[in-house]
Amino acid sequence: VPLEGNYGSYIGWWLRGYHEMGPSMIVETLRRTVPETTSMFTALFSPARGATAHAITLVALLVLSLAGARALVTRAPVALLFLLGYLAITLVWPFQPSRFVWGVWPLVLLVIVAAGWSITSGLSQWPRPARAVLAVLFLWVGAGYAAYEIRAARGGWWASISRAGDKRIAAALDWTAANTSPLDVVAADDEGAVFLYTGRKAVPVASFTTAHYLRERSAEVEAKEGLEPILAAYPLRVVLVGSKATFDAAEYLTKRPVPLLAPRGQFDGGAAFTVLHR
């Protein structure tokens with residue numbers, strides 16, 4: 001039974017990247033995911049900005065995580081083991097780690113809360129000086145996280161991603177509805193929205209491999225590994241691009257000796273290209 005569409009396809013994607021890059025893929029991934037993860041945690045838990053405050057926050061989180069893990073070893077060992085395994089996979093997965101960390105955020109907070117519980121519990125085995133240090137560290141990260149949540153509530157950060165893309169996607173949908181027929185097949189950065197809101201059949205405008213996250217790619221490579229095979233596989237009429245990488249790839253295909261695309265128009269945040277007859 002084909003595994004496309006479920007977790008088998010994701011495992012295959014990782015294995016293909018490893019086959020292409022070898023062990024260096026894991027090393028390069030860690031070089032990016034570890035700093036990105038630490039930056040995420042310092043932004044969430046630090047009550048002050050600056051390198052010194054962030055360093056204190058990282059130390060506090062490390063100490064509290066160890067204390068929390070010690071408390072959970074006997075009380076929630078399965079949850080702790082799952083979290084450690086999950087985070088280990090996240091660090092070697094060549095993609096922005098924040099989206100995966102958010103998926104287990106309640107468990108991450110559970111570890112910190114367990115550290116706080118171990119300080120105040122009458123069953124605490126920590127000596128008095130250690131409990132005092134843990135209490136100070138717990139108050140530090142608690143103040144930082146509370147400040148972050150207050151800023152998030154005031155700024156409506158739960159809708160920040162949709163706000164960032166709404167203007168561009170809306171413009172692409174308006175252009176598609178006005179300039180294509182219901183039977184046209186469209187390639188777009190936001191192919192899901194194009195299909196959902198215009199009824200046009202839509203496909204992605206680029207492929208996605210581990211190299212997209214780990215390495216800078218030229219317009220030629222982006223076109224040859226992404227847009228060009230898509231043009232060969234589907235009866236496309238229009239290509240809509242809304243990012244610099246996909247725009248450069250589409251523009252590259254207009255300047256070949258035998259061009260595959262021709263500029264057609266622009267919309268707010270993107271551009272449209274006509275697929276030339278092949």
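This is a short conversation about reading helix packing, a sheet and aromatic pairs in a predicted model.

Colleague: Let's start with the helices. At what angle do helix 6 and helix 7 pack, and how far apart are their axes?

Modeller: Happy to begin there. Two packed helices are described by the angle between their axes and by the distance between those axes. Here, helix 6 (residues 105-120) and helix 7 (residues 128-155) pack at about 145 degrees, and their axes are 9 Å apart. Their crossing is left-handed.

Colleague: Which residues make that contact?

Modeller: From helix 6 come Trp-105, Leu-109, Ile-112, Gly-116, Ile-119 and Thr-120, and helix 7 supplies Arg-131, Leu-134, Ala-135, Phe-138, Val-141 and Tyr-145. By character, the residues of this contact divide into nine nonpolar, two polar and one charged.

Colleague: Now the sheet. What is the order of its strands?

Modeller: First the general idea: strands of a sheet pair through backbone hydrogen bonds, either parallel or antiparallel. In this model, the five strands form an open sheet in the order 2-1-3-5-4, and the pairing is mixed. Strand 2 and strand 4 (261-267) are at the edges with a single partner strand each, so one side of each has no neighbour in the sheet. From one strand to the next, the twist averages 25 degrees.

Colleague: Do strand 1 and strand 2 run parallel or antiparallel?

Modeller: Parallel: strand 1 (residues 185-188) is joined to strand 2 (residues 201-204) by four bridges. As one example, Ala-187 has Val-203 of strand 2 as its bridge partner. Together with helix 9 (residues 191-198), strand 1 and strand 2 make a right-handed β-α-β unit.

Colleague: And in which sense do strand 4 and strand 5 pair?

Modeller: Strand 4 pairs with strand 5 (residues 270-275) in the antiparallel sense, over six bridges. There, Gln-266 stands opposite Ala-271 of strand 5.

Colleague: One last feature. How many aromatic pairs does the structure hold?

Modeller: The structure holds 10 aromatic pairs. To read such a pair, look at the distance of the ring centres and the angle of the planes. Take Phe-41 and Phe-45: their ring centres are 6.2 Å apart and their planes are at 10 degrees, so the pair is stacked.

Colleague: Where do Phe-41 and Phe-45 lie?

Modeller: Both lie in helix 2 (residues 24-45), four residues apart, which is about one turn of the helix.

Technical notes
Residues are numbered from 1 along each chain as its sequence is written. This is a predicted model: local features need pLDDT of at least 70, side-chain atom pairs count only at pLDDT 80 or more; totals for chains, interfaces and linings use all residues. Side-chain values use heavy atoms; hydrogens and water are left out. Axes are lines fitted to C-alpha atoms, for helices over the stretch in contact, and angles run from 0 to 180 degrees between N-to-C directions. Helices (H or I, at least four residues) and strands (E, at least two) are DSSP runs, numbered from the N terminus. A crossing is left-handed if the near helix is turned anticlockwise from the far one by less than a right angle, and right-handed if clockwise. Contact means heavy atoms within 4.5 Å. Ala, Val, Leu, Ile, Met, Phe, Trp, Tyr, Cys and Pro count as nonpolar, Asp, Glu, Lys and Arg as charged, and the others, Gly among them, as polar. Two strands pair if DSSP finds at least two bridges between them. A crossover is right-handed if, with the strands pointing away from the viewer, the path from the first strand over the helix to the second runs clockwise. Rings of Phe, Tyr and Trp (its six-membered ring) pair if their centres lie within 6.5 Å; planes under 30 degrees apart count as stacked, over 60 as edge-to-face and the rest as tilted.
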